[in-house]
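Biologist: I would like to go through this model with you one element at a time, and I would ask you to give the reasoning behind each reply.

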Amino acid sequence: RVGTDTGIEGWGEVCPIPHYLPAYADGVTPAIKELLPVLLGRNPLGTEVLMADAEKHLPDHRYAKSALDIALWDILGKATGQPVGRLLGGRYRDRVKPYASLLADVPEILAEHLSQLRQQGFRAFKIGWGPLGRQSHDLDESIVAKAREVIGSDSLLMVDAGGSDAFWPNGYK
């Protein structure tokens, strides 16, 4: 929560997964406190300027800065009476394809979850993290192959290995 002297409050959120990123999870609150001297007394409507200064002061704390950035945009939207989406450039499309997002798992368990989601009507799926990149190329390939088999060739499949980057011994191809 970021408060202003006019009573407007902006809310930001960050939810690092402690199991995967314990250093970041433990560091968010101290990082925000470290940014207080950089931010106090300044115009919260200068979102871009404040975030540039936050970047200079704390270059490594992306989760803390993300929460702060969201809160500052929330303040700007409330102060101007505009949706944040409009402030960030507006709407590019009238329709979007929803996708189901779930943690990757061993093929058999993943297949069951994907099958349930497909029965609910989803035709786009994102799987990621979990064991991807942590054990072997063979397991990675079997996870993706099983996902493709279950959702069919007419569905969109996305693979997010972002949570695996610290463990990925295999390169990024």
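Biologist: How many residues does α3 have, and what distance does the helix reach from its first C-alpha to its last?

Modeller: Since this is a predicted model, everything I say about the helix is computed from predicted coordinates. α3 has 19 residues, for which a span of 27 Å is expected at 1.5 Å a residue. The helix comes close to that expectation, with a reach from first to last C-alpha of 27 Å.

Biologist: Which residue follows α3, and what is the sign of its phi?

Modeller: Most residues other than glycine have a negative phi. The residue that follows α3 is a glycine, and its phi lies near 70 degrees. The residue is thus Gly81, and the sign of its phi is positive.

Biologist: Which residue that is not a glycine has a positive phi, and in which loop is it found?

Modeller: The phi in question is about 60 degrees, and it belongs to Trp129, which is not a glycine. Trp129 is found in the loop between β4 and α6 (137–151).

Biologist: Which element gives the largest share of the lining of the largest pocket?

Modeller: The largest pocket holds about 540 Å³ of space, and its lining draws two or more residues from each of β1, α1 (22–39) and α3 (62–80). The lining comprises 25 residues, and those nearest the centre of the pocket are Arg1, Val2, Gly3, Leu36 and Leu68. Leu68 is also among the buried residues of α3. The largest share, seven residues, nevertheless comes from α1.

Biologist: How many residues of that lining are nonpolar?

Modeller: The lining of the largest pocket has five polar residues and five charged ones. The remainder of its 25 residues are nonpolar, and they number 15.

Biologist: Is Thr4 buried or exposed?

Modeller: Thr4 is found in the loop between β1 (2–3) and β2 (9–10), where it touches Pro44 and Ile75, leaving aside residues up to four places away in sequence. Its side chain makes a polar contact of 2.9 Å with the side chain of Thr6, and a polar atom of that Thr4 side chain lies 3.0 Å from the backbone oxygen of Ile8. Because its relative accessibility is 18%, and buried means under 20%, Thr4 counts as buried.

Biologist: How is Phe122 classed, given its relative accessibility of 23%?

Modeller: Phe122 is found in the loop between α5 (107–119) and β4 (124–128), and it touches Pro98, Tyr99, Ala100 and Leu117, not counting residues up to four places away in sequence. Pro98 is 24 residues apart from Phe122 along the chain, with their C-alpha atoms separated by 7.4 Å. Because 23% falls between the limits of 20% and 50%, Phe122 counts as partly exposed.

Biologist: What separates the C-alpha atoms of Ser155 and Ala124?

Modeller: Ser155 is found in the loop between α6 and β5 (156–160), and at 6% relative accessibility it counts as buried. Its contacts, not counting residues up to four places away in sequence, are Arg118, Arg123, Phe125 and Arg148, while a polar atom of its side chain lies 3.1 Å from the backbone oxygen of Ile151. Although Ser155 and Ala124 are 31 residues apart along the chain, the separation of their C-alpha atoms is 5.5 Å.

Terms used: Residues numbered from 1 in each chain as written. Predicted model: local features only at pLDDT ≥ 70, side-chain atom pairs only at ≥ 80, totals over all residues. Heavy atoms only, no water. Helix = DSSP H or I, 4+ residues; strand = E, 2+ residues; numbered from the N terminus. Buried < 20%, exposed > 50% of the residue type's maximum accessible area, 1.4 Å probe, protein only. Polar contact = N/O pair within 3.5 Å; in protein donor to acceptor, adjacent residues only side chain to side chain. Contact = heavy atoms within 4.5 Å. 1 Å grid on protein atoms, 1.4 Å probe; cavity = no way out; pocket = protein on both sides within 12 Å on 5 of 7 lines; lining within 4 Å. Points joined across faces, edges and corners; volume = space filled by probe spheres on them. Nonpolar A, V, L, I, M, F, W, Y, C, P; charged D, E, K, R; others polar. Expected span 1.5 Å × (residues − 1).
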